[in-house]
Amino acid sequence: MGKYFTSVDLTKKIDHKKEYKQQLKLYQQRLLSLQQLLFKEKIALILVMEGWDAAGKGGAIKRFTEKLDPRGLYVHPIAAPAPHELRYHYLQRFWRKIPQYGQIAVFDRSWYGRVLVERIEGFATQTEWKRAYKEINQFEQELTDDRYIVSKFWIHISKEEQANRFAERQQNPLKRWKITDEDWRNREKWDEYEKAAEDMFEKTHVESAPWHIIPGNDKKYARVAVTKQIVEDIEKSLTARGIKLPDYSLFE
């Protein structure tokens, strides 16, 4: 295990449901007030959600978007490129989904597939995926130099926790659609994906577009941690731009 994953404390958890609900509500309300400020100031927010299969990306997205104004929010589930998209540079389909100033876009998986699944499964050549680190950094730099905030999240779980969640999904008729043969195949390449993720953090973690590795063995902890971190990243960026933050007491 590399230095980034080694530093993640997967024992972190929120024990009490009441505490979870209180913390989640607190940061959901702050995020809503910040969304209104982003709209007013015409600054857009881009959130990248990556992580292991069954890590809880969808659950986290559901929670931090729950109180937001849907008129200014877009969630993009990213799968393999369609045949017509393969006729273009791989970033073209993401440029088309970049939000307008003042809006929020969430990418449930993202352009980082180039250096993760496309690297591991051979969909990109070694020359292509090695070149992609620089391309991605330039792509994000163009956004953050303009009126965009970019925050990137990897929800991290243990291999054992993933196995438990896969088993739960197979046994639950309402969740069975979430588990596929591809998920099991990817699990067999855990070490390769871990190495690719470590390389990704090493080469694309920058102050203007940071990676946040969130402990996800406890879903409640992860959902609160992601929502809180989004709030802090927005606050940091707005403060750096000289924009006064909201008076949260008016919302809480």
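The exercises below, each with a worked solution, concern a predicted model of a single protein chain.

**Exercise 1. Determine what radius of gyration the chain has, and how that value stands against the expectation for a compact globule.**

Solution. Begin with the chain length of 252 residues, for which a compact globule would have a radius of gyration near 18 Å. The chain has 18 Å, which agrees with that expectation. Next, consider the extent along the principal axes, where the C-alpha atoms fill a box of roughly 50 × 45 × 35 Å. Finally, turn to burial and surface: buried residues make up 50% of the 252 residues, and the accessible surface comes to about 13,300 Å², of which 50% belongs to carbon and sulfur atoms.

**Exercise 2. Describe which secondary structure elements the chain holds, and what the composition is over the domain that UniProt places at residues 16-237.**

Solution. Counting elements over the chain gives ten helices and five strands. The UniProt record, an unreviewed entry, places the feature "domain: Polyphosphate kinase-2-related" at residues 16-237. Over residues 16-237 the chain is 53% helix and 14% strand, and the end C-alpha atoms of this stretch are 32 Å apart. As for how the chain is joined up, among contacts between residues at least 6 apart in sequence, 81% join residues at least 24 apart.

**Exercise 3. Examine the backbone at Lys42 and Arg109, and decide whether each residue is buried, partly exposed or exposed.**

Solution. The starting point is that most residues other than glycine have a negative phi. Lys42, although it is not a glycine, has a positive phi of about 60 degrees, and Arg109, likewise not a glycine, has a positive phi of about 75 degrees. Then locate the two residues: Lys42 lies in the loop between helix H2 (17-41) and strand E1 (44-51), whereas Arg109 is found in the loop between strand E3 (104-108) and helix H5 (117-121). For the last step, recall that buried means under 20% relative accessible area and exposed over 50%, with partly exposed in between. Lys42 therefore counts as partly exposed at 39% relative accessibility, and Arg109 counts as partly exposed at 25%.

**Exercise 4. For the loop residues Arg114 and Ser158, establish the burial class, the contacts and the separation of their C-alpha atoms.**

Solution. Arg114 is placed in the loop between E3 and H5, and because its relative accessibility is 10%, Arg114 counts as buried. Leaving aside neighbours within four places in sequence, Arg114 is in contact with Tyr90, Arg119, Ala124, Glu128, Trp129 and Ala132. Ser158 belongs to the loop between strand E4 (148-156) and helix H7 (159-171), and at 16% relative accessibility Ser158 also counts as buried. With the same neighbours set aside, Ser158 is in contact with Leu10, Trp190 and Asn217. The two residues are 44 residues apart along the chain, and their C-alpha atoms are separated by 23 Å.

**Exercise 5. Work out where the charged residue Glu140 is placed, and which residues Glu140 touches.**

Solution. Glu140 is in helix H6 (residues 126-145), and at 1% relative accessibility Glu140 counts as buried. Not counting residues up to four places away in sequence, Glu140 touches Trp111, Tyr112, Lys152 and Ala209. The C-alpha atoms of Glu140 and Leu34, which are 106 residues apart along the chain, are separated by 22 Å. For the charges of the whole chain, the mean positions of the 45 positive and 38 negative charges are 4 Å apart.

Note on methods
Residues numbered from 1 in each chain as written. Predicted model: local features only at pLDDT ≥ 70, side-chain atom pairs only at ≥ 80, totals over all residues. Heavy atoms only, no water. Helix = DSSP H or I, 4+ residues; strand = E, 2+ residues; numbered from the N terminus. Rg over C-alpha atoms; globule rule 2.2 N^0.38 Å. Buried < 20%, exposed > 50% of the residue type's maximum accessible area, 1.4 Å probe, protein only. Contact = heavy atoms within 4.5 Å. Areas by Shrake-Rupley, 256 points an atom, 1.4 Å probe, with all protein chains shown as cover. Lys, Arg positive; Asp, Glu negative; His and termini not counted. Charge placed at Lys NZ, Arg CZ, Asp CG, Glu CD. UniProt positions renumbered as here; feature names shortened; annotations may be inferred.
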